[in-house]
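Student: I want to test some labels against their cut-offs. Please show me the model.

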Amino acid sequence: MKLNVADYLAQLPNARHEQTTTTTAKVQQAVAIKSALSFMQEAIDSGYLAQYECQVKVKKGDPLSVRLENNLINVPMQDAERLNGKLLNKDEEYPVKLYMVAEGESLNKSGLRIDELAADASAANNGDVAAKFQSWIADQLAQLIENRSNDQD
């Protein structure tokens with residue numbers, strides 16, 4: 001799927017959303033990874049943008065938001081208005097990508113981490129994508145736990 005900025009912004013209100021609450025152990029399990037990726041794949045196959053969010057309960061502090069999102073560049077969906085001519089050529093069509101987003105206090109200085117998972121959002125059900133997402137979640141959780149432990153010292 002390719003969209004220009006105006007089409008992307010126009011489709012956002014109709015984007016599919018799914019939200020779950022889980023634990024640090026469960027969010028990393030293959031079944032949770034597969035469920036998130038399947039939701040994203042089904043949405044894009046149906047012609048919809050999507051966001052899948054896990055509110056991950058951690059021992060110290062507020063939950064960590066771990067999300068899969070469709071976007072044209074590495075900007076969270078909630079900040080999509082930033083795409084309006086400032087970061088992208090408004091007339092050009094761009095491939096819709098799949099991004100991994102983690103957001104929470106003490107994750108890093110900005111409280112936000114966003115990385116590309118797939119350059120083509122329709123590749124969400126690929127085994128390599130699942131392994132990459134699983135590893136990325138583990139890394140973000142490890143960083144968060146380390147940072148929060150250091151904040152307590």
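Student: What makes the radius of gyration of the protein chain agree with a compact globule?

Tutor: The radius of gyration is taken over C-alpha atoms, and the globule rule is 2.2 Å times the number of residues to the power 0.38. For 153 residues a compact globule would come near 15 Å; the protein chain has 16 Å, so the value agrees. The C-alpha atoms fill a box of roughly 50 × 30 × 25 Å along the principal axes.

Student: What should I know about the source of these values?

Tutor: The model is predicted: local features need pLDDT of at least 70, side-chain atom pairs count only at pLDDT 80 or more, and totals for chains, interfaces and linings use all residues. Residues are numbered from 1 along each chain as its sequence is written, and side-chain values use heavy atoms, with hydrogens and water left out.

Student: How many helices and strands does the protein chain have?

Tutor: There are four helices and seven strands. Both are DSSP runs, numbered from the N terminus: helices are H or I with at least four residues, strands are E with at least two. The order from the N terminus is β-α-β-α-α-β-β-β-β-β-α.

Student: Why does alanine 36 count as buried?

Tutor: Buried means under 20% relative accessible area, exposed over 50%, and partly exposed in between (1.4 Å probe, protein chains only). Alanine 36 has 2% relative accessibility, so it counts as buried. Its place is in helix 3, residues 30–45. Across the protein chain, buried residues make up 43% of the 153.

Student: Which residues does alanine 36 contact, leaving aside neighbours within four places in sequence?

Tutor: Contact means heavy atoms within 4.5 Å. On that count alanine 36 is in contact with Tyr52, Leu68 and Phe133.

Student: What makes the pair of arginine 67 and glutamate 103 a salt bridge?

Tutor: A salt bridge is a side-chain nitrogen of Lys or Arg within 4 Å of a carboxyl oxygen of Asp or Glu. The closest N and O atoms of arginine 67 and glutamate 103 are 3.1 Å apart, so the pair meets that definition. Arginine 67 is in strand 4 (residues 64–71) and glutamate 103 in strand 6 (residues 97–103), 36 residues apart.

Student: Are these two partners buried or partly exposed?

Tutor: Arginine 67, at 3% relative accessibility, counts as buried. Glutamate 103 has 27%, so it is partly exposed.

Student: Which residues share partners in one network?

Tutor: Arginine 67 also meets glutamate 69 in a salt bridge of 2.7 Å, N to O. Glutamate 69 is buried, as is arginine 67. The bridge between lysine 97 and glutamate 116 has its closest N and O atoms 3.6 Å apart. Salt bridges that share partners join Arg67, Glu69 and Glu103 into one network. The whole structure has four salt bridges.

Student: Why does glutamate 53 have no salt bridge?

Tutor: Lys and Arg count as positive, Asp and Glu as negative; His and the chain ends are not counted. The nearest side chain of opposite charge, arginine 67, is 4.3 Å from glutamate 53. The cut-off is within 4 Å, so that pair does not qualify. Glutamate 53 is buried all the same, and its place is in strand 3, residues 50–57.

Student: What joins the side chains of glutamate 53 and glutamine 55?

Tutor: A polar contact of 2.6 Å joins them. That term means a pair of N or O atoms within 3.5 Å; within protein, one must be able to donate a hydrogen and the other to accept it, and residues adjacent in sequence count only if both atoms are side-chain atoms.
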